[in-house]
Amino acid sequence: DGLASMDSIQVEVLPNGTAYGGTPPSIPGTIEAEDYDVGGEGIAYHDLDSNNAGLVYRPNEGVDLSADGGKTHVYFIIASEWIEYTFEVEEAGEYIFKPYMATVPGFGNFTLLIDNEDVSGKIRVNGTGSFINFQPFEVDPVVLEAGTHIMRLEFDTDFDSEKKNWLFSFDKVVVEKVS
């Protein structure tokens, strides 16, 4: 019939470092796990499954979120996944980062990066008794300048047989100023 149709769509790709809610959290303070940056897969996070398995809080994104006990957190973390957070440092100094993790098996680990620099080395997440019994895994003090920074948590395991299994859950990062 010689009919044709044309349509267009405008896609906005957000840059790395776009804080959820528009304003980066200030530290010292707490960075909630579910408030990871916006931008989607490959920009703000990498998740092996494109669906939010818990379908809570940010149901249209790929990070698996759960609301056990009325508290939202990232769960079903699998080796090779990562997640980013933009934050604001009020005053230059030395800071301690305390990610709160929970696990039963205890065969996972994470690495904390600030502005693409590994500041923690590999930190093993030992068993905490359940996937919602969150405990802090403290990172050695990090020197930071005042201003905006990006924190990335990369998740992994040293056991090939566990690469596709649930390593742990993640609730928050408490950041305290040392000096």
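**Note on a predicted all-strand chain: selected residues and overall features**

1. Leaving aside neighbours within four places in sequence, V142 is in contact with G93, E94, Y95, F97 and V119. The model is a predicted one, and within it V142 belongs to strand 12, which covers residues 142-144. V142 has a relative accessibility of 7% and therefore counts as buried, the cut-off being under 20%. As a separate distance check, the C-alpha atoms of V142 and K172 lie 18 Å apart in space, with the two positions 30 residues apart in sequence numbering.

2. On confidence, the average pLDDT of the chain is 91, and 96% of the residues score at least 70. In the chain, the lowest confidence is given for strand 4 (residues 65-66), with a mean of 92, while the highest is given for strand 11 (residues 135-136), at 98. As a general caution, predicted coordinates should not be read in detail where pLDDT is low.

3. The secondary structure consists of 14 strands and zero helices, so that a reader following the chain from the N terminus meets the order β-β-β-β-β-β-β-β-β-β-β-β-β-β. Of the contacts between residues at least 6 apart in sequence, 72% join residues that are at least 24 apart. Taken along the principal axes, the box filled by the C-alpha atoms is roughly 75 × 40 × 30 Å.

4. Turning to surface and charge, buried residues make up 45% of the 179 residues in the chain. The accessible surface comes to about 9,200 Å², and 48% of this area belongs to carbon and sulfur atoms. The chain carries 10 positive and 32 negative side chains, and the centres of these two sets are 7 Å apart.

5. T103 sits in the loop between strand 7 (93-102) and strand 8 (108-114), and where does this loop residue fall, buried or exposed? With a relative accessible area of 0%, T103 is buried, because the cut-off for that class is under 20%. A polar atom of the T103 side chain lies 2.6 Å from the backbone oxygen of L167. Not counting residues up to four places away in sequence, T103 touches V125, N126, G127, T128, G129, S130, F131, L167 and F168, so L167 appears both in this contact list and in the polar pair.

6. A reviewer checking backbone geometry may wish to look at the peptide bond from I27 to P28, which is cis, with omega near 10°. P28 is found in the loop between strand 1 (26-27) and strand 2 (29-32).

7. Two residues that are not glycines have a positive phi, namely Y57, at about 65°, and S80, at about 85°. Y57 lies in the loop between strand 3 (45-46) and strand 4, whereas S80 has its place in the loop between strand 5 (73-77) and strand 6 (82-89). Y57 counts as partly exposed because its relative accessibility is 40%, and S80 is likewise partly exposed, with a relative accessible area of 41%.

8. A146 is placed in the loop between strand 12 and strand 13 (147-157), and its relative accessibility of 47% makes it partly exposed. Which residues does A146 contact, leaving aside its neighbours within four places in sequence? The contacts of A146 are with V89, E90, E91 and A92. The C-alpha atoms of A146 and F110 are separated by 25 Å, the two residues being 36 apart along the chain.

9. N116 lies in the loop between strand 8 and strand 9 (117-118). N116 counts as exposed because its relative accessibility is 68%, the cut-off for that class being over 50%. Computed along the sequence numbering, N116 and M151 are 35 residues apart, and from C-alpha to C-alpha they are 7.9 Å apart in space.

How values were computed: Residues are numbered from 1 along each chain as its sequence is written. This is a predicted model: local features need pLDDT of at least 70, side-chain atom pairs count only at pLDDT 80 or more; totals for chains, interfaces and linings use all residues. Side-chain values use heavy atoms; hydrogens and water are left out. Buried means under 20% relative accessible area, exposed over 50%, partly exposed in between (1.4 Å probe, protein chains only). A polar contact is a pair of N or O atoms within 3.5 Å; within protein, one must be able to donate a hydrogen and the other to accept it, and residues adjacent in sequence count only if both atoms are side-chain atoms. Contact means heavy atoms within 4.5 Å. pLDDT is the predictor's confidence in each residue, from 0 to 100. Helices (H or I, at least four residues) and strands (E, at least two) are DSSP runs, numbered from the N terminus. Accessible areas come from the Shrake-Rupley method with a 1.4 Å probe; for residues, only the protein chains shown count as cover. Lys and Arg count as positive and Asp and Glu as negative; His and the chain ends are not counted. The place of a charge is taken as NZ of Lys, CZ of Arg, CG of Asp or CD of Glu.
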